[in-house]
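The following paragraphs guide a new reader through a protein structure, beginning with one of its sheets. Please keep the model in view while reading.

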Amino acid sequence: MSTVVPLFSTPVYVGNIDVTEDEKKHCAALPKSEGAFPKFLISHDDRVLDDPVLAEMKNRALHHLECYVSDVYQLDQYRFNFYINTSWVSDMEHETDVGSHKHGHSIFTGVIILDSTVGNNLYLENHFTPILPSFFKFRYKELNQYNTHEWYFDLKPNQIYIFPSDLKHSAKCHLPSGKLSVLAFDTFIRGTIGKHSDELTFN
Ligand SMILES: [Fe+2]
């Protein structure tokens with residue numbers, strides 16, 4: 001029997017996370033101002049998950065992060081662990097396009113969908129992994145995970161996405177009546193990696 005092995009793929013974690021109404025209200029009420037994109041509001045606080053009100057939510061996010069690094073990547077964290085450093089809330093409204101970007105100084109990025117009307121998308125793109133020779137512009141019967149450098153997800157409330165921080169991503173709020181509110185976070189490691197001459201310790 002033939003088989004196809006999806007070698008060198010980029011794992012994107014999609015899970016369900018409980019977010020209480022009180023947590024959503026707290027996030028909605030955070031002071032925000034216009035960010036790097038039009039009609040895009042971002043919280044002044046860039047460590048929102050450090051607020052005791054969101055302590056339980058942070059634990060739930062860390063549980064998903066642990067599944068991702070331990071079950072998916074099979075990382076052996078015997079001398080280090082991942083932690084959430086920065087975290088912020090952003091609100092988008094009708095026809096907002098948060099342009100393609102990636103996050104520096106972070107290893108994995110998480111996005112929790114607090115609220116989303118139907119028709120909002122998260123786009124991910126990877127133009128570095130070779131798929132097919134790029135000097136031909138092939139036409140495809142159907143796009144799938146083997147023939148495209150871009151992928152998108154339909155966003156729904158109470159979803160969590162986790163992906164490598166240097167994976168380019170963008171979000172789009174397509175409909176005139178569309179609204180999207182997300183809590184995003186970046187991560188880093190604490191502890192020691194490597195050994196002997198390439199050992200590095202992060203406090
Ligand atoms: Fe981002």
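In this predicted model, four strands form an open sheet in the order β5-β10-β7-β8, and their pairing is antiparallel. The edges of this sheet are occupied by β5, residues 97–101, and β8, residues 150–154. Each of these two has a single partner strand, so one side of each is left without a neighbour in the sheet. From one strand to the next, the twist averages 15 degrees.

The edge strand β5 can be followed to its partner. Strand β10, which covers residues 168–173, runs antiparallel to β5, and three bridges join the two. One residue pair may serve as a landmark here: Val98 has Ala171 in β10 as its bridge partner.

A further set of pairings involves strands β2, β3 and β4. Strand β2 comprises residues 32–34 and strand β3 comprises residues 40–43; they pair in the antiparallel sense over three bridges. Together β2 and β3 form a hairpin, with five residues between them. Within the turn, Lys39 has a positive phi of about 55 degrees.

Which strand is joined to β3 by three bridges and runs antiparallel to it? The strand in question is β4, which spans residues 80–93. Ile42 is a convenient point from which to trace both pairings of β3. Towards β2, Ser33 stands opposite Ile42 of β3. Towards β4, the bridge partner of Ile42 is Ser90.

These local pairings may now be placed in the chain as a whole. The protein chain contains two helices and twelve strands. Read from the N terminus on, its elements run β-α-β-β-α-β-β-β-β-β-β-β-β-β.

The overall dimensions complete the picture. Along its principal axes, the C-alpha trace of the protein chain spans about 55 × 55 × 35 Å. Why does a radius of gyration of 18 Å agree with a compact globule? For 203 residues, a compact globule would have a radius of gyration near 17 Å, and the 18 Å of the protein chain therefore agrees with that value.

Burial and contacts describe the interior of the chain. Of its 203 residues, 22% count as buried, a residue being counted as buried if 20 or more other C-beta atoms lie within 10 Å of its own. Among the contacts in the protein chain with a separation of 6 or more, 83% are accounted for by residues 24 or more positions apart.

Terms used. Residues numbered from 1 in each chain as written. Predicted model: local features only at pLDDT ≥ 70, side-chain atom pairs only at ≥ 80, totals over all residues. Pairing = 2+ DSSP bridges. Rg over C-alpha atoms; globule rule 2.2 N^0.38 Å. Buried ≥ 20, exposed ≤ 12 C-beta atoms within 10 Å, placed from the backbone. Contact = placed C-beta atoms within 7 Å. Axes fitted to C-alpha atoms, helices over the stretch in contact; angles between N-to-C directions.
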